[in-house]
Amino acid sequence: MSKVLSKDTASGPYLYGPGKAELRWSGDTRTYFLATGETTDGAFCLVDEMAARGETAPLHRHPRDLESIYVIEGELTVFFGGASGQSASAWAFTHIPAGSTHGFRVASKTARYLLITTPHHGEFYRAISSPSGPGGARSGQSIDEEMIMEACQAYDIEYIGPLPPEDV
């Protein structure tokens, strides 16, 4: 049994069964919103993402929002500041304090990871994604770089630049 909270419902205990949380897509990246500011009384946001090899979050920073990543399956290459990428495979955890330059790339065929962040930053994830279609189907919308840059502006995210090229 799941209790689904609506936007006008105060936070309280709830349980999402598998696949029952809010599902959104950013291109081919699947994002489940497991916890939001609304459901945690403003405490945190937790999203479960699955992405394919080569998907990236370019180098960026957000001065007021911390972010942590816990890799469940696959492998990410994470970048901090101007340093070389570091491998983060299944069960790896990384924490990014507010204001830190960072980014990542999916290094394996697919990767599944949890993003733990602030409700404010969680709303950025919602702004750059589209609701799923019937039965959870991919929305069919491709990634809109202009929309992402507008969301960055709205949510105080500074785009630094692309990630360094992959090693060949």
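1. How many nonpolar, polar and charged residues does the lining of the largest pocket have? Before the answer, please keep in mind that this is a predicted model, and that the points below describe that model. Sorted by class, the lining of the largest pocket has 16 nonpolar residues, 9 polar residues and 4 charged residues.

2. It helps to place this pocket before moving on to the sheets. The largest pocket holds about 630 Å³ of space, and 29 residues line it. Those that lie nearest its centre are Thr56, Ala57, Pro58, Ile128 and Ile148. Several strands and helices share in the lining, for at least two residues come from each of β2 (29-35), β3 (45-52), β4 (56-61), β9 (102-106), α1 (119-127) and α2 (145-154). As general background for a reader new to the subject, rolling a probe the size of a water molecule over the atoms shows where empty space is left.

3. The next point concerns a sheet of 7 strands, which is open and follows the order β8-β5-β10-β3-β2-β1-β11, with antiparallel pairing. Its edge strands are β8 (93-96) and β11 (130-131), each of which pairs on one side only. In general, the strands of a sheet pair through backbone hydrogen bonds, either parallel or antiparallel.

4. Within this sheet, β3 deserves a closer reading. Strand β3 runs antiparallel to β10 (residues 110-117), to which 8 bridges join it, and β3 also runs antiparallel to β2, with 5 bridges between the two. Individual residues can be followed across these pairings: leucine 46 has isoleucine 116 of β10 as its bridge partner, aspartate 48 stands opposite leucine 114 in β10, and phenylalanine 33 stands opposite valine 47 in β3. Strand β3 is mostly covered, since 6 of its 8 residues are buried.

5. The helix α1 should be looked at together with this sheet. Helix α1 lies across β1, β2, β3, β5 and β10, and its direction makes an angle of about 140° with β10. Which residues of α1 are buried? They are His120, His121, Gly122, Phe124, Tyr125 and Arg126. The buried residues of α1 pack against the strands β1 (22-26), β2, β3, β5 (67-73) and β10, and also against the helix α2.

6. A further sheet is open and has 5 strands, arranged in the order β7-β6-β9-β4-β12 with antiparallel pairing. Its edge strands, each pairing on one side only, are β7 (86-89) and β12 (158-161). From one strand to the next, the twist averages 35°. Strand β4 is joined to β12 by 3 bridges and runs antiparallel to it, and in that pairing leucine 59 has glycine 161 of β12 as its bridge partner. Another 3 bridges join β4 to β9, and these two strands also run antiparallel.

7. Arginine 105 is a good residue on which to practise reading the model. Arginine 105 belongs to strand β9, where threonine 56 stands opposite it. Is arginine 105 buried or exposed? Arginine 105 counts as buried because its relative accessibility is 9%, and the cut-off for buried is under 20%. If neighbours within four places in sequence are left aside, arginine 105 is in contact with a list of residues that includes Gly54, Glu55, Thr56, Glu75, Phe79 and Leu163. Threonine 77 is also in contact with arginine 105; the two are 28 residues apart in sequence, while their C-alpha atoms are 5.2 Å apart in space.

8. Finally, serine 11 may be set beside that example. Serine 11 is found in the segment before β1. With a relative accessible area of 29%, serine 11 is partly exposed, because that class covers values between the limits of 20% and 50%. Serine 11 and threonine 39 are 28 residues apart in sequence, yet the distance between them in space is 4.5 Å from C-alpha to C-alpha.

Methods: Residues are numbered from 1 along each chain as its sequence is written. This is a predicted model: local features need pLDDT of at least 70, side-chain atom pairs count only at pLDDT 80 or more; totals for chains, interfaces and linings use all residues. Side-chain values use heavy atoms; hydrogens and water are left out. On a 1 Å grid over the protein atoms alone, a cavity is a set of points where a 1.4 Å probe fits but cannot get out, and a pocket is an open set with protein on both sides within 12 Å along at least five of seven lines; lining residues have an atom within 4 Å of a point. Grid points are joined across faces, edges and corners, and a volume is the space filled by probe spheres set on the points. Helices (H or I, at least four residues) and strands (E, at least two) are DSSP runs, numbered from the N terminus. Ala, Val, Leu, Ile, Met, Phe, Trp, Tyr, Cys and Pro count as nonpolar, Asp, Glu, Lys and Arg as charged, and the others, Gly among them, as polar. Two strands pair if DSSP finds at least two bridges between them. Axes are lines fitted to C-alpha atoms, for helices over the stretch in contact, and angles run from 0 to 180 degrees between N-to-C directions. Buried means under 20% relative accessible area, exposed over 50%, partly exposed in between (1.4 Å probe, protein chains only). Contact means heavy atoms within 4.5 Å.
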